[in-house]
Amino acid sequence: MIEARGITRTYQTHGQFTGTRTVHALRGVDFTLPEGGAVSFIGESGCGKTTLGKILTGLETFDGGELVVDGVELSALKPRQRAKYFRRIQMIHQDPYSALNPTRTIEATLGDPLRMRAREKGGTGAGPGAWRERACELLTLVGLEPEAVLPKYPHQLSGGQRQRVVIARALTVDPQVLIADEAVSMIDVSMRLGILGLLRDLRSRLGISLVFITHDVATARYVGDGGELHVIYRGEVVERGLTDDVILSPVHPYTQCLLSAVPIMRGLEEPGPDRTAPTRALDERTDTPGCLFEPRCPFATDECFTTHPTLVPLGGDGAGVGAGEAEGVGAAEHQHACLNPAARRVVGVEVGAGAAGP
Ligand SMILES: Nc1ncnc2c1ncn2[C@@H]1O[C@H](COP(=O)(O)OP(=O)(O)OP(=O)(O)O)[C@@H](O)[C@H]1O
């Protein structure tokens, strides 16, 4: 189980024309990932999704908050001990080609971690027969034909096959958690559903927990089914709850804007006049003392400019209640950080029958 409490990450950037700038990649992110559960993070480019994924796998440090894995707070540990915990959390990156060594066959790619794992477990399974058998088992589990795939190099496989190999490699160390960061965005559309189905399957068949990071509402709904969805804006979670609650009844204008950006087909659904869209483009330099989304929000009031909203349960008055502080607030409770939450009808961008194709 992973528990993240108030994770914060700030970067200082230095540019010739921009001077020194502080980038708040993550601002106090909290979540709990139970065994076999799923938590999805959705937001636009630059909102901090990848930074969060890297922090959860130990590839990036954080400068505030706590990360607790199986009840152990990791920052208190020595690097070697910490690495043991991070081994239980494996990342699936968006580009399966760069994630694999092009000079090594799939057999070699899977063989090394399998032998290492076998040695750790006490020696059995490190022999060639044993680890090869396990490699075949894992390839079958991810939907590949072992004998056909083992002798091949990454460039001889399709993008979808490569991503399945990446998933098989992650499974070699018996992880408890997979972090999938835009795991299908670089894969041919025709193969995406198969990979998403596989990630769902691993949850139900192996009890592996999943952190699913995406900018795509539909994939978050499919893979994160039954789990939680956290909507993240400029490093801050602005709405969260059970995936279906957030997608079907969003109350934060940013979530409504994200959902409005999902295309719909004319003739299949009525677009209606009330699509919610940001009033201005994202400008990271615009920091108000109030709500981070205020400069772009179509529903902002004067109060939004001066008061920074914190996460409160939907339906409560929320005055002075911070994330997770309200009594009885469960992680899956629908919460929002908006001073004017409202159920607004959300419709997608219309894709007309006569629209120009790609
Ligand atoms: N090493 C770094 N140094 C400086 N700024 C960084 C660094 N890594 C990330 N950032 C900044 O932190 C913010 C969040 O970046 P991050 O890559 O996590 O966003 P993202 O939501 O994953 O975006 P994308 O989907 O485009 O990858 C961005 O403004 C980014 O420029």
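**Exercise 1.** Find out why the end-to-end distance of helix α4 (residues 106–120) agrees with its number of residues.

*Solution.* Keep in mind that this is a predicted model. Start with the count: α4 has 15 residues. Next, apply the rise of 1.5 Å a residue, taken one time fewer than the number of residues, so the helix should span 21 Å. Finally, compare: the end C-alpha atoms of α4 are 22 Å apart, which agrees.

**Exercise 2.** Which residues of α4 are buried, and what phi does G122 take?

*Solution.* Begin inside the helix: I106, T109, L110 and L114 are buried. A general rule helps here: an α-helix has 3.6 residues a turn, so residues three or four places apart point the same way. Then step just past the end of α4, where G122 has a positive phi of about 115°.

**Exercise 3.** Sort the residues of strand β6 (residues 89–92) by the way they point, then find the bridge partner of M91.

*Solution.* I89 and M91 point one way, while Q90 and I92 point the other way. All of these residues are buried. Now look across to strand β7 (residues 177–181): β6 pairs with β7 in the parallel sense, over 4 bridges. Within β7, I179 is the bridge partner of M91.

**Exercise 4.** Describe the shell around the ligand, and say which element gives the largest share.

*Solution.* First, list some members: the residues surrounding the ligand include Y11, V23, G48, K49 and T50. Two or more residues each come from β1 (2–15), β2 (19–33) and α1 (49–56). The largest share, 3 residues, belongs to α1. Lastly, sort the shell by character: 4 residues are nonpolar, 7 polar and 1 charged.

Notes:
Residues are numbered from 1 along each chain as its sequence is written. This is a predicted model: local features need pLDDT of at least 70, side-chain atom pairs count only at pLDDT 80 or more; totals for chains, interfaces and linings use all residues. A residue is buried if 20 or more other C-beta atoms lie within 10 Å of its own, exposed if 12 or fewer, and partly exposed in between; C-beta atoms are placed from the backbone. Two strands pair if DSSP finds at least two bridges between them. A residue is near a molecule or strand if its C-beta atom, placed from the backbone, lies within 6 Å of it. Ala, Val, Leu, Ile, Met, Phe, Trp, Tyr, Cys and Pro count as nonpolar, Asp, Glu, Lys and Arg as charged, and the others, Gly among them, as polar.
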